[in-house]
Amino acid sequence: MRTENTLSFQTEALILQTIRTTLHNKMKSLDEAAGIEIIGENNNRERENQSETSHNKSPLLADPWKPWRRSRATIKEWLLKLRCCLGAVCGIEWYGYAALGVFTAILSFLMDLSVTKLLTAHRGLYMKLEGNSLLQFFCWTLYPACLCAVASSFSHNICPFSTGSGIPEVRTMLAGFKMPHYLSLTNMSTKFLGLICTLAAGSTVFLGKVGPFVHLSAMIGAYLSNLCDLIQANNKEKAGGEMLVVAAAVGVASCFGAPITGVLFSVEVMCSHFALRHYYPCFFSAACGALTFRLFSVWSGDEETPQALFKTNFPAAVPFYSLEILLFAFLGLLCGAVSCCYLACHRWMLQFTKTNPMFNKMLTTEKGLYSGMVAFLLASLTFPHSVGQYMASKHTMKQLLTSLLDSRQWSSQSNNASLYLGPEALLEWSSSGSPVFLPLAVFLLMKMWMLVLACTLPLPAGYFMPVFVYGAALGRFLGEGVAYVSSTGLTSGLQWASINPGGYALAGAAAFSGAVTHTLSPALLAVELTGQFSHAIPVLIATLLANALARSGHRPSFYDALSIGKRLPHLPSLKKACPRLPSTPVGQVLGAISVTLQKAAGPVEVKLAVNTSTDSQIPVVDSHESQIILGFVLRAELLMFLRHCESEALEKHLDEVCCIHPTSVLLSPHNTVQEAHSILSLVGAQTLFVADRGRLLGLITWPEMKRILEDLAKEI
């Protein structure tokens, strides 16, 4: 009897345990279904109530080992509700564009603040050593030398990809080539800290921040793009390259508070083919970045309201005379000629550092020592008690540009400097007591080769702002000459009441920087930086003529020369180096076909093709003997074909189960590399097939195009 009771008790316990297990599994399945419903897009009220009711039974609460289960579930629920509310207003990617502008502007402001503190500390230490020239010399030279050595060593040891401008690499990535090392978090932090050290070296090294900051903005954009893809898991149609295009515009806008220039810079410099779908996101994100950058300047107490970065006081009644248009045109031609000399020297220096054994060894193994030595040499030449007194060496980059854009005539005031030249910005150019033409001439002659030498430093640095300031000095030199001639009455009866040398400096800055980079965006930048729309026409004329002269003869731009020197697979740059390379027929550089499938292929052949090739599109031919291309089949369909054959244990052919997709674009072996590259960029196809009279010869993917361009780059 006891045995029967025991058995019945065990049976009841077993039944209860079975019921409990069944209920637990059902509840678990309901929880998973509720979770899927919450993650999806629920716009109706009934589904929201269902997810809200079942979320309290989520797997977060079912896992006993996780702390704060109910709090975590509540936070997740509110985050999902927030995502639904934000998604109802606009797409998640637009919040990413806004966040990109805001984060980049905050980064730019923090960088400027840190650099200002370091420069102020250096200037204060130098002033405290007044009266001891030797100690002042060591303070003036060792400070930037140590900073450059630290920046170079830090970049070389932590992340070697962080050196240089970064714009050539971003352009290559926007052309379709993947370079993940240049978008890593390590690269971003290393480049940020190294760039602070470079800028803190001051105007002695004469380097800027535009290029590296565009690279930093691209890194932030890449991470925000991944975050947007994670948030909207069911909508991954947006390409990551779109965020990189927007980031290029935001990088410039966050440096100068100039959103329109940022978008035009992204169109001209960064993209070989600018899609119209990028137009509005670029403006939106650049406007967010520029506004945030200017608001931070107001909140920090530097300015009273958001306005132009460089304040100017050009005369509003008669900003320039009609005949001065000819002088602005001459200035454009002059800037174009000087830019050709500068670019030629820059290309020669890049070639020399690669071919000279001593420079090559130092730039390979002793980067910190090389940077420190070069910075020490440049700082010695700019020491205020030597040649630096003729170069306004105590000024920062911003102070140099502000002084050069001054509308007053320095040449007419140099005879009584103590009476007229009150501001410190003007006193620096006349501290030696000599006429203003001598400091400007020394500045132009010395900074030309010093800037070429500084471009070889293996550290994070920008090269746009230095040429912008150099162009302003070139325009100022011409403007002062015109003002001097007009004031002495040597203009053959044409008495001009007042000449504005600052207008010539503004036009010279835009023309020279535009000629060096082969772009027109500096003309718009000059207007946005100063707010002087009265000089828009002269600035544009000078920039157009300078570009025309600099582009003649298929000369590569500054960024093209960097791409060529680094042998990056960027076709526009290679075309500038050797115009015949892009005209190379595809048939001459086409690689061998990795794998093909015939339409009657069985499971064994399909399995071999899947294991051999990693391409997403595998070509299908009529037979291996004829090689007549029929189309392609997707890799995912081949995997389904194999599973289908294994489950049914049937021997079927490929064309009986899989869909053979027709090829939309079929290239001839006589098509050029440039045509194939353009089709890949515009169409966005992953694979282009090359056939001669229907017979498959090969295929071109982005990795294959990269190999072709790298092989062509080796021939330069």
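User: Before I start looking around, what pLDDT does the protein average?

Analyst: This is a predicted model, and the protein averages a pLDDT of 79, with 81% of the residues scoring at least 70.

User: Where does the pLDDT stay under 50?

Analyst: One such stretch is residues 1-12, where the pLDDT stays under 50 and the model has 0 contacts beyond four places in sequence. Over residues 415-423 the pLDDT is also below 50, although for this stretch the model does show 8 contacts beyond near neighbours in sequence.

User: OK, switching to strands. In what order do the strands of the open sheet come?

Analyst: The open sheet is formed by 3 strands in the order 4-5-6, and their pairing is mixed. Strand 4, residues 666-667, and strand 6, residues 695-700, are the edge strands, each of them pairing on one side only.

User: And what does "mixed" look like here, pair by pair?

Analyst: Strand 4 pairs with strand 5, which covers residues 688-692, in the parallel sense over 2 bridges, whereas strand 5 and strand 6 run antiparallel and are joined by 5 bridges.

User: Which residue stands opposite Val690 in each case?

Analyst: Leu667 stands opposite Val690 of strand 5, and Val690 in turn stands opposite Gly698, which belongs to strand 6.

User: How many residues lie between the strands in the hairpin of strand 5 and strand 6?

Analyst: There are 2 residues between the strands of that hairpin, and within the hairpin Arg693 takes a positive phi, near 55 degrees.

User: Now helices. Is Thr198 buried or exposed?

Analyst: Thr198, which is found in helix 8 (residues 185-200), counts as buried because its relative accessible area is 1%, and the cut-off for buried is under 20%.

User: What is Thr198 in contact with, leaving aside its neighbours within four places in sequence?

Analyst: With those neighbours left aside, Thr198 is in contact with Ala151, Leu207, Leu459, Pro460 and Ala461.

User: What about helix 23, how many of its residues are buried?

Analyst: In helix 23, which spans residues 521-530, 9 of the 10 residues are buried, so this helix is largely enclosed by the rest of the structure.

User: Which ones are they, so that I can find them in the structure?

Analyst: The buried residues of helix 23 are Ser521, Pro522, Ala523, Leu525, Ala526, Val527, Glu528, Leu529 and Thr530.

User: And what follows helix 23?

Analyst: Helix 23 is followed by Gly531, a residue whose phi is positive, near 75 degrees.

How values were computed:
Residues numbered from 1 in each chain as written. Predicted model: local features only at pLDDT ≥ 70, side-chain atom pairs only at ≥ 80, totals over all residues. Heavy atoms only, no water. Pairing = 2+ DSSP bridges. Helix = DSSP H or I, 4+ residues; strand = E, 2+ residues; numbered from the N terminus. Buried < 20%, exposed > 50% of the residue type's maximum accessible area, 1.4 Å probe, protein only. Contact = heavy atoms within 4.5 Å. pLDDT = per-residue confidence, 0-100.
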